[in-house]
Amino acid sequence: MSTAHPAPTPGGILADADFSGADFSHRSLCGVRFIRCTLDRADFSGADCTDARFEQCSLRDAVLADAVLDGCTLLASSCQRAGFAGASLTRAVCRACAFDHADFSNASLLEATLEQCTWEGASLRCSLWERVSAQGLALRNALLEKIICEDCDFSGASFTACHGRLAMFFSCRMPHSFWQDCRLPQIIAADSLLAQASFSGCQFPRGAFSGAELSQSRFLSSLCTQAHFDRARLCAAAWMDSPCDRSNFSRADLTAAVLRGISCRMADFSHATLAGADFRQADLTQAILHATDWDAATHTGAVLDNARFTDAALLRAENFTAAAR
C-alpha cells in the first residue's frame, strides 16, 4: 500500500483510498463500499465480498480468484486483466465496467446483470452463465472454450472474433445478435432464439442449432458444413456464400428461405417444409429430400445428381410408426 488507510471492515465505507497491492485474501468484506479507490494488483482471492460495492474503482490486475462476489455491485470500474477465475457472481450487477483481458475461467454467473461492459480479449473458459441479463453484450476476441450459458438474455449482443472449440448456449435469447469472424466449430445453440441474427465470416462446422428460432437470420461467407439445423425455424433465413454440405435440416421450417447457389451436397432435408424456398443453382448432389414439399420450392438450375426424393415405402412405415405411438 502506497498510503496508510484503515483496513476495511464488513459494512464499512472507504473512499478515495489507495490499496494498490493490498492483501485482502480470505477476508470478510461483506457489504464494504469502495468508492473511487485504487485497488490495482490487490489480492481478494478467497475473500467474501457478498453485497460489496465497487464504485468508480480501479481493479487493474487485481486477483479475485475463488472470491465470493454474490450480490456484489461494480459500477464504472476498471477491471482490465483482473483475475476472476473460480469466482462466484450470483446476482452480481456490473455496469459500465471494463473487463478487457480479464480471466473469468470457471467463474459462476447466476442471475447476474451485465450492462455496457467491455470484454476485449476476456477469457470465459469453462464459466457458467445461468439466467444472466446481458442485453447488448459486446464480446471481442474472447475465449469461449466450454462456456455454458443457459436461459440467458443476450438480445442485440455482438460476438466479434470469439473462439473456442465448444461453446454452449441453451435456450438463450439472442435476437438481433451479431456474429463476425467467430471460430466456434462446435457451437451449441439448441432451442435458442436467434431471430434476425447475423453471422458473417464465421466458422460453425458441426454447429448445433437444433430447434432454434432463426427466422430472418443471415449467414454471410460462413462455414456451416455438417451443422445441425434439424427442427429449427428458418423462415426467410438466407445463406450467401455459406456452404452447408452434409448439414441436417430434417423437419426444419425453411419457408421462404434463400439457399440460392449454396452447396448443400449430401444435406438432409427430410420432412422439412420448403414452401417458397429458393434453391436456384444450389448444389444438392446426393441430398435427401424425403417427405418434403419440393415442388413448392423454386429450384431452377439446381444440381440434383443422385438426390433422394420421397421414398413411398419409407413414408408408409414412418406414418405407421407415428400412428402406433
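These legends go with a few close-up views of a predicted model.

**View 1. A sheet of parallel strands.** Here we have an open sheet of 7 strands with parallel pairing, and the strand order runs 8-10-12-14-15-16-17. Strand 8 (118-120) and strand 17 (238-240) are the ones at the edges. Each of these two has a single partner strand, so one side of each has no neighbour in the sheet. Going from one strand to the next, the twist averages 5°.

**View 2. Strands 15 and 16, side by side.** Zooming in on the sheet, strand 15 (residues 198-200) pairs with strand 16 (residues 218-220) in the parallel sense, over 3 bridges. Look for Phe199: its bridge partner in strand 16 is Phe219.

**View 3. Thr90 in its loop.** Thr90 sits in the loop that links strand 4 (73-75) and strand 5 (93-95). It may be in a loop, but Thr90 still counts as buried, at 13% relative accessibility. Setting aside neighbours within four places in sequence, Thr90 is in contact with Leu69, Asp70, Gly71, Ser108 and Leu110.

**View 4. Cys172 and Cys152, not bonded.** The closest cysteine sulfur to that of Cys172 belongs to Cys152, and at 4.6 Å it is too far away for a bond. A disulfide would need the two sulfurs within 2.5 Å. Cys172 itself is buried, with 1% relative accessibility.

**View 5. Cys264 and Cys244, also not bonded.** For Cys264, the closest cysteine sulfur is in Cys244, 5.0 Å away, which is again too far for a bond. Cys264 is buried too, with a relative accessible area of 0%. Across the whole structure, a search turns up 0 disulfides.

Methods: Residues numbered from 1 in each chain as written. Predicted model: local features only at pLDDT ≥ 70, side-chain atom pairs only at ≥ 80, totals over all residues. Heavy atoms only, no water. Buried < 20%, exposed > 50% of the residue type's maximum accessible area, 1.4 Å probe, protein only. Helix = DSSP H or I, 4+ residues; strand = E, 2+ residues; numbered from the N terminus. Contact = heavy atoms within 4.5 Å. Pairing = 2+ DSSP bridges. Axes fitted to C-alpha atoms, helices over the stretch in contact; angles between N-to-C directions.
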